[in-house]
Amino acid sequence: MQTEDFLNETKTSGLLVVHNDKIAYENYYLGADQSTRFAANSVTKSFMSALIGIAVEEGDIRSVEDSVADYVSEFQGTDMESITVKDALHMATGIDFDEEKDMGTISIKSMFGMNKMKAIAKYGLAHEPGTNRTYSSINTDILGEVLINATGKTLSEYMGEKVWSKLGVEYDAYWSRSGKKELANGGLHIALRDFARFGQLYLHNGKQGDTQLIPAEWVNDSVATDAPHLLAPHNGESDSELGYGYQWWIPEGNSGEFTAIGVFGQWVYVNPQKNIVIVKTSAHSGFEENDTEQKTIELFRAIADSL
């Protein structure tokens with residue numbers, strides 16, 4: 001399939017390639033333009049990881065080995081006490097929650113004021129924390145609550161202060177709310193070039209120019225798959241070719257690449273060996289069908305190899 005055909009088939013709304021810190025390609029589709037703030041969806045999770053890393057470095061969160069219940073009072077005295085911040089980063093909390101069946105219900109109720117943390121605590125555990133990776137957006141909701149309670153700031157305030165104001169962005173971003181709080185698991189809306197700036201921050205081991213915004217050690221830990229449950233599971237699911245770090249997906253291979261992925265085909269792909277960042281936004285309802293995720297990674301690899 002030709003590249004343009006694939007971009008059309010996957011309902012691409014924006015594609016940006018940054019090579020050696022310069023724009024190598026930029027195009028917009030479906031009526032979008034340079035100023036469009038695209039829904040990040042679950043790419044937001046990778047931003048949340050960065051914020052957690054900064055909070056750990058600055059001591060607001062003492063350690064990723066801390067129990068999430070140290071920061072979320074609703075979890076105290078429940079099974080959630082055995083879950084660490086690290087488990088939530090790895091999607092390995094073991095909470096007995098099904099993303100497809102349960103997410104809609106808890107999301108709608110929380111929009112109308114239900115305490116989401118109390119609701120999560122009632123699900124209990126299906127697995128021992130830290131032993132089984134099951135993708136679930138409530139893990140990132142927990143991280144958001146940890147960050148808010150640890151820092152005393154909203155997600156928007158903290159991200160604005162620690163990252164956005166220092167990243168050299170071209171446009172303001174905004175964060176959708178669920179009830180009275182920003183939606184930690186997928187609420188960001190960002191312009192294409194500013195997505196790329198975030199990818200470049202990770203490409204350069206957390207540095208923006210001469211300033212270390214995210215600890216380099218955190219960046220390294222974020223893309224490590226150093227436990228069996230973090231490796232690609234090969235179980236027939238849409239993510240069966242992907243490992244997982246701290247809210248980043250890790251394609252198989254030895255090129256050191258990693259990527260943020262959001263529902264309907266949002267991507268921030270980083271390949272340090274090729275010094276490349278690729279951002280693709282989409283409105284593709286079939287993003288999980290016909291090996292589309294793996295085909296998208298292969299497209300990115302082909303672009304990287306061609307530069």
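His-19 in β1 meets Lys-22 in β2 as its bridge partner. These two strands, β1 (residues 12–19) and β2 (residues 22–28), pair in the antiparallel sense over six bridges. The model is predicted. The protein chain holds ten helices and 14 strands. Its radius of gyration is 18 Å, close to the 19 Å that the globule rule gives for 307 residues, so the chain is as compact as a globular protein of that length.

**Overall dimensions**

- The C-alpha trace of the protein chain spans about 55 × 45 × 40 Å along its principal axes.
- Of the 307 residues in the protein chain, 53% are buried.

**Strand pairing**

- Two residues lie between the strands in the hairpin of β1 and β2.
- In that hairpin, Asn-20 takes a positive phi near 55 degrees.
- An open sheet of three strands runs in the order β3-β7-β4, with antiparallel pairing.
- β3 (38–39) and β4 (174–175) are the edge strands of this sheet, and each pairs on one side only.
- Two bridges join β3 to strand β7 (residues 188–190), again in the antiparallel sense.
- Phe-38 has Ile-190 in β7 as its bridge partner.
- Strands of a sheet pair through backbone hydrogen bonds, either parallel or antiparallel.

**Helix α6**

- α6 has 14 residues, which at 1.5 Å a residue should span 20 Å.
- The end C-alpha atoms of α6 are 20 Å apart, which agrees with that expected span.
- α6 is mostly covered, with 13 of its 14 residues buried.
- Gly-152 comes just after α6 and takes a positive phi of about 75 degrees.
- An α-helix has 3.6 residues a turn, so residues three or four places apart point the same way.

**Second largest pocket**

- The second largest pocket contains about 340 Å³ of space.
- Its lining has 19 residues, and the closest to the pocket centre are Met-114, Lys-116, Glu-145, Ser-178 and Lys-181.
- Three elements each supply at least two lining residues: α5 (116–121), α6 (138–151) and β6 (181–182).
- α6 gives the most to this lining, with four residues.
- By class, the pocket lining divides into six nonpolar, six polar and seven charged residues.

**Cavities**

- The structure holds two cavities of 30 Å³ or more.
- The largest cavity has a volume of about 50 Å³.
- Lining the largest cavity are Thr-10, Gly-265, Trp-267, Lys-280, Ser-282, His-284, Phe-287, Thr-292, Glu-293 and Thr-296.
- β14 (276–282) and α10 (292–306) each give at least two residues to the lining of the largest cavity.
- α10 has the largest share of that lining, three residues.
- The lining of the largest cavity has two nonpolar, six polar and two charged residues.
- The second largest cavity has a volume of about 30 Å³.
- Its lining consists of Ser-42, Lys-45, Ser-46, Tyr-135, Tyr-244, Gln-247, Trp-249, Ala-260 and Ile-261.
- Two or more of these lining residues come from each of α2 (44–57) and β12 (258–262).
- By class, the lining of the second largest cavity has five nonpolar, three polar and one charged residues.

**Val-85**

- Val-85 lies in helix α3 (residues 85–89).
- Val-85 has a relative accessible area of 0%, under the 20% cut-off, and therefore counts as buried.
- Val-68 is 17 residues from Val-85 along the chain, yet their C-alpha atoms are separated by 5.5 Å.

How values were computed. Residues are numbered from 1 along each chain as its sequence is written. This is a predicted model: local features need pLDDT of at least 70, side-chain atom pairs count only at pLDDT 80 or more; totals for chains, interfaces and linings use all residues. Side-chain values use heavy atoms; hydrogens and water are left out. On a 1 Å grid over the protein atoms alone, a cavity is a set of points where a 1.4 Å probe fits but cannot get out, and a pocket is an open set with protein on both sides within 12 Å along at least five of seven lines; lining residues have an atom within 4 Å of a point. Grid points are joined across faces, edges and corners, and a volume is the space filled by probe spheres set on the points. Ala, Val, Leu, Ile, Met, Phe, Trp, Tyr, Cys and Pro count as nonpolar, Asp, Glu, Lys and Arg as charged, and the others, Gly among them, as polar. Two strands pair if DSSP finds at least two bridges between them. The expected span of a helix is 1.5 Å times one less than its number of residues. Buried means under 20% relative accessible area, exposed over 50%, partly exposed in between (1.4 Å probe, protein chains only). The radius of gyration is taken over C-alpha atoms; the globule rule is 2.2 Å times the number of residues to the power 0.38.
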